[in-house]
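The following note accompanies the model under review. Its points address one sheet, the helices beside it, and the metal and ligand sites.

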Amino acid sequence: MRRHQLDIQLKTPAQVAKMREAGLVVHAALARMREAVAPGVSTADLDAIAEQVIRDAGAVPSFKGYHGYPATICSSVNEQIVHAIPSPAQVLREGDLISIDCGAILDGWHGDSAITVPVGDVRPGLLKMAAAAEDAMWAGIAAAARGAASGRGRLTDISYAVESAVRKAGRYGIVDGYGGHGIGTEMHQDPHVLNHGRPGRGPRLVPGLCLAIEPMITEGSPRTAELADGWTVVTRDGSIAAHVEHTMALLEDGVWVLTAIDGGRARLGDLVTSAEAASL
Ligand code: MF3
Ligand code: CO
């Protein structure tokens, strides 16, 4: 079988350092939005905060204008999985679960990250699902770091680690048809990163590879539908979804989670590159 040749942009350490700056802008925007999430706040309010933080940092929102997307963030509430457009009419209520996805371009380099945040008091099952998504994302990132360190890692080791972590956490639906991606001078680059599958396939995990890892899971079926707005992806069965994302880079001596304030240190320990310590 002939395979489509992947076009993977490997980055130099200096380029990764620039992506770190973009990643920190995205982190700052998400941190401000996390604080702002509360009953009565609209998703358009969150969007305004994100755009302000990004522009104040001298960066540009990467989502705005992307294939005509009209906003700075995707704000996906409850049964919305990803790519929901913020609106002044969408007001958060106690008990909601919101995924906020945000991207920025600084000096031509992209950062892309998402968080899932409870609105006020939410039922424990939702917190558990959000934690499962987050744990799966970190399991994927750790797998990338280990694969690069061994010299034998391949892309789907990440997919396998994500899926395994989700399955271990509970009976969740793993959304298919959307996934992680290469990132660099464009938001979406090769390779596509599935959130499930067998390990040991695909391109090698090598220094310079920069990926966005983004599991999407549901409390019910993984089946999705796209709304008439041409963007919003929802669960078909109306079950609640969670989605988290980090941008990470593989370097010679470890991984650097570019959109995490600590570079990934708290979750990954020694798997994190020394470049992270040098940057602090
Ligand atoms: N951050 C999303 C992703 O990781 C992209 C958002 S799509 C956009 O794929 F249109 F909103 F930009
Ligand atoms: Co992404």
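Is E245 buried or exposed? The points below begin with that residue; the model is a predicted one.

1. E245 is buried, because its relative accessibility is 0%, which falls under the 20% cut-off for that class. D112 is likewise assigned to the buried class, with a relative accessible area of 2%.

2. Both residues belong to the metal site. The cobalt ion (ligand 2) is coordinated by D112 through OD, H181 through NE2, and E214 and E245 through OE, at 2.0 to 2.3 Å. Along the chain, these donors follow the spacing D-x68-H-x32-E-x30-E. D112 is located in strand β5 (residues 109-118), whereas E245 sits in the loop between β13 (241-243) and β14; the pair therefore ties together parts that are 133 residues apart in sequence.

3. Ligand 1 is surrounded by 13 residues, and the closest are F63, D101, D112, H188 and E214. Of these names, D112 and E214 also appear among the donors of the cobalt ion (ligand 2).

4. Several polar side-chain atoms lie beside oxygen atoms of ligand 1. For H188, a polar side-chain atom is 2.7 Å from an oxygen atom of ligand 1. The corresponding distance is 2.6 Å for a polar side-chain atom of E214 and 3.2 Å for one of E245. E245, a donor to the cobalt ion, thus has a polar side-chain atom within the 3.5 Å limit for a polar contact with ligand 1.

5. The sheet is open and consists of five strands in the order β8-β7-β9-β14-β15, with antiparallel pairing. Its edge strands are β8 (189-193) and β15 (254-257), each of which pairs on one side only. On average, neighbouring strands of this sheet are turned by 25° against each other, direction ignored.

6. Within the sheet, strand β9 (residues 210-213) and strand β14 (residues 246-251) run antiparallel and are joined by four bridges. I213 has H246 as its bridge partner in β14. In general, strands of a sheet pair through backbone hydrogen bonds, in either a parallel or an antiparallel manner.

7. Two helices should be viewed together with this sheet. Helix α3 (residues 124-150) lies across β9, β14 and β15, and runs at about 10° to β14. Helix α4 (residues 155-169) packs on the sheet and touches β8 and β9. The direction of helix α4 makes about 35° with that of β8.

How values were computed. Residues numbered from 1 in each chain as written. Chains lettered and ligands numbered in written order. Predicted model: local features only at pLDDT ≥ 70, side-chain atom pairs only at ≥ 80, totals over all residues. Heavy atoms only, no water. Pairing = 2+ DSSP bridges. Axes fitted to C-alpha atoms, helices over the stretch in contact; angles between N-to-C directions. Contact = heavy atoms within 4.5 Å. Donors = N, O, S within 2.8 Å, 3.2 Å for Na, K, Ca; no water. Buried < 20%, exposed > 50% of the residue type's maximum accessible area, 1.4 Å probe, protein only. Near = heavy atom within 4 Å. Polar contact = N/O pair within 3.5 Å; in protein donor to acceptor, adjacent residues only side chain to side chain.
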